[in-house]
Amino acid sequence: MSDLITADLVDLDLPAGDRRTVVRSLAERLVQAGRVTDLDQFLADVEAREAQMPTGLDGGIGIPHCRSTAVTEPTLGFGRSTAGVDFGAEDGRPADLVFLIAAPEGGGSEHMTVLAALARRLVRKSFTGELRSVTDPADAAGFIAKEVSA
């Protein structure tokens, strides 16, 4: 099994646009890394999950996620948006930090474990502050991997 997140799964300058544009941009990185086999299927699965309940958290965080037959292994993509993206957070603040969690369809509870670990970190200003200031994708991936697995 590969690392959950690697430098090629990080985009520190997401394209401006709506939620779908940003999710597609991150999902394309998952496809290029060989972790998603069918982009359209994966995007449909993310969209179906998003329709159930928005995945925006207070404080400028978006966590789109899904289980999908198109996912080959548990994966976390991360992106930062200067424009901000509406993920439907209760505080109305657009997300500048976006975490795309992709889990295989029959793959146990890995994606819930990642989601829970992220949620615990996201309430810490030191965690989000580091992600808002990091300048190198490899540093961002290493920091997230260390924190989520801790």
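The paragraphs below go through the aromatic pairs, one helix and the salt bridges of this predicted model.

A search of the whole structure turns up 2 aromatic pairs. In one of them, the ring centres of Phe-78 and Phe-99 are 5.0 Å apart and the planes stand at 40 degrees, so this pair is tilted. Because Phe-78 belongs to strand β5 (residues 75-85) and Phe-99 to strand β6 (residues 95-104), the pair ties together parts that are 21 residues apart in sequence. Phe-78 and Phe-99 are both buried. Phe-127 and Phe-143 form a stacked pair, with 5.4 Å from centre to centre and 25 degrees between the planes. Here the connection is between helices: Phe-127 lies in α4 (residues 125-133) and Phe-143 in α5 (residues 137-149), so parts that are 16 residues apart in sequence are tied together. Both Phe-127 and Phe-143 are buried.

Helix α5, which carries Phe-143, has 13 residues and reaches 18 Å from its first C-alpha to its last, close to the 18 Å expected at 1.5 Å a residue. Its buried residues are Ala-140, Ala-141, Phe-143, Ile-144, Glu-147 and Val-148. Seen down the helix axis, the buried residues of α5 fall within an arc of 165 degrees, and they therefore line one face of the helix. Lys-146 and Ser-149, by contrast, are exposed on the other side of α5. At the start of this helix, a side-chain oxygen of Asp-136 comes to within 3.1 Å of the backbone nitrogen of Ala-138. Two residues of α5 named above return in a network of salt bridges, in which Lys-146 and Glu-147 are linked with Arg-121 and Arg-124.

The structure holds 9 salt bridges, and Arg-24 takes part in a salt bridge with Glu-28 (3.9 Å, N to O) as well as in one with Asp-40 (4.0 Å, N to O). Arg-24 and Glu-28 are 4 residues apart in helix α1 (residues 19-32), which means that about one helical turn separates them. Asp-40, however, lies in helix α2 (residues 39-52), so its pairing with Arg-24 of α1 ties together parts that are 16 residues apart in sequence. Arg-24 counts as partly exposed at 34% relative accessibility, and Glu-28 is partly exposed at 33%, whereas Asp-40 is exposed at 55%.

A further salt bridge joins the side chains of Arg-132 and Asp-96 (2.7 Å, N to O). Since Arg-132 lies in helix α4 and Asp-96 in strand β6, this pair ties together parts that are 36 residues apart in sequence. Arg-132 is partly exposed, with a relative accessible area of 28%, while Asp-96, at 16%, counts as buried.

Definitions and conventions. Residues numbered from 1 in each chain as written. Predicted model: local features only at pLDDT ≥ 70, side-chain atom pairs only at ≥ 80, totals over all residues. Heavy atoms only, no water. Phe/Tyr/Trp six-rings, centres within 6.5 Å; stacked < 30°, edge-to-face > 60°. Helix = DSSP H or I, 4+ residues; strand = E, 2+ residues; numbered from the N terminus. Buried < 20%, exposed > 50% of the residue type's maximum accessible area, 1.4 Å probe, protein only. Expected span 1.5 Å × (residues − 1). Arc of directions from axis to C-beta. Polar contact = N/O pair within 3.5 Å; in protein donor to acceptor, adjacent residues only side chain to side chain.
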